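Trainee: I would like to work through this structure with you. Where shall we begin?

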Amino acid sequence: MYSIIRTEGKGCGGMSAGKNFKIPRDQLKRFVRNRGLCIAPDTVLVDGLPVSLIYRVMPSTLYDSGWRFFTGTESEDYLSNFRLNGVYDLNTVVNYCPETLPLLDSPPYSAYRRDDSGEWVNISADVDWRL
């Protein structure tokens, strides 16, 4: 059983000032347009570690896509530190994991993890969606 990681209300604010992103802004490609915002930690955007867990919750604001991206290595303390996590345009995060594109039309309460072969496995039924 997987539990979702509560990120709302933890101060995630996209604190990008002073961060050295793995992919410079001028090298970002346009994969999706006007798909909203998502949450991702520095382990993905700064350290460049591969995304291995994504899930979609019911959007919490008008511009929230509901998508959350993680490497699977983040501790609860790491995710609680607003300086190490941020709110980003979905296109920005998809640049770090374009293989997630086919999953982005999944409805809220969808979750996927990579298996040992790198394929995305739907784990939606195994997630405890209660916050």
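Mentor: With a salt bridge, and a caution that the model is predicted. Asp 64 pairs with Arg 68 in a salt bridge. Both Asp 64 and Arg 68 are buried. The closest N and O atoms of Asp 64 and Arg 68 are 3.0 Å apart.

Trainee: How many salt bridges does the structure hold?

Mentor: The pair Asp 64 and Arg 68 is one case. Asp 128 and Arg 130 form another, with the closest N and O atoms 2.8 Å apart. The total for the structure is five.

Trainee: Is Arg 130 buried or exposed?

Mentor: Exposed needs over 50% relative accessible area. Arg 130 has 67%, so Arg 130 is exposed.

Trainee: Which residue does Asp 105 meet in a salt bridge?

Mentor: The partner lies in the loop between β1 (2-3) and β2 (37-41), while Asp 105 lies in the loop between α3 (90-94) and β6 (110-114). The two are 70 residues apart, so the pair links distant parts of the chain. The N to O distance is 3.1 Å, and the partner is Arg 35.

Trainee: How exposed are the two ends, Asp 105 and Arg 35?

Mentor: The cut-off for exposed is over 50%, and buried means under 20%. At 65% relative accessibility, Asp 105 is therefore exposed. Arg 35 has a relative accessible area of 31%, so Arg 35 is partly exposed.

Trainee: Why does Ser 65 count as buried?

Mentor: Ser 65 sits in strand β4. Buried means under 20% relative accessible area. Ser 65 counts as buried because its value is 4%.

Trainee: Which residue offers the backbone oxygen that the side chain of Ser 65 reaches?

Mentor: Look at the contacts of Ser 65 beyond four places in sequence. They include Arg 35, Gly 36, Cys 38, Arg 56, Pro 59 and Leu 90. The backbone oxygen lies at 2.7 Å from the Ser 65 side chain, and belongs to Leu 37.

Trainee: What accessible area does the nonpolar surface patch with Leu 37 have?

Mentor: Leu 37 shares the patch with Leu 62, Tyr 63 and Val 87. Leu 62 is in the loop between β3 (53-56) and β4, and is exposed at 73% relative accessible area. Together the four residues have about 420 Å².

Trainee: Now inside. Which element gives the most to the largest nonpolar core?

Mentor: The core has 19 residues, and Ile 54, Trp 67, Phe 69, Leu 90 and Val 93 touch the most other members. Two or more residues come from each of β2, α1 (42-45), β4 and α3. The top contributor, with three residues, is α3.

Trainee: Which residues of α3 (90-94) or beyond does Trp 67 contact?

Mentor: Set aside neighbours within four places in sequence. Trp 67 then contacts Cys 38, Ile 39, Ile 54, Tyr 55 and Arg 56, among others. Further along, the contacts of Trp 67 are Leu 90, Leu 103, Leu 104, Ser 106, Ser 110 and Tyr 112.

Trainee: How many residues form the other core, the one with Val 57 and Trp 129?

Mentor: That core lies apart from the largest one. Leu 79 and Ala 111 are among its members too. The number is 10 residues.

Trainee: Last, which side chain makes a polar contact with that of Thr 73?

Mentor: Thr 73 is in the loop between β4 (64-70) and α2 (76-80). Beyond four places in sequence, Thr 73 contacts Thr 43 and Leu 49. The polar contact spans 2.6 Å, and the partner side chain is that of Thr 71.

Key
Residues are numbered from 1 along each chain as its sequence is written. This is a predicted model: local features need pLDDT of at least 70, side-chain atom pairs count only at pLDDT 80 or more; totals for chains, interfaces and linings use all residues. Side-chain values use heavy atoms; hydrogens and water are left out. Helices (H or I, at least four residues) and strands (E, at least two) are DSSP runs, numbered from the N terminus. Contact means heavy atoms within 4.5 Å. A polar contact is a pair of N or O atoms within 3.5 Å; within protein, one must be able to donate a hydrogen and the other to accept it, and residues adjacent in sequence count only if both atoms are side-chain atoms. A salt bridge is a side-chain nitrogen of Lys or Arg within 4 Å of a carboxyl oxygen of Asp or Glu. Buried means under 20% relative accessible area, exposed over 50%, partly exposed in between (1.4 Å probe, protein chains only). Patches are made of residues with over 30% relative accessible area and no salt bridge: like charges are joined within 9 Å, nonpolar side chains (Val, Leu, Ile, Met, Phe, Trp, Tyr) within 5 Å. Accessible areas come from the Shrake-Rupley method with a 1.4 Å probe; for residues, only the protein chains shown count as cover. A nonpolar core is a set of buried Ala, Val, Leu, Ile, Met, Phe, Trp, Tyr and Cys residues joined through side-chain atoms within 4.5 Å.
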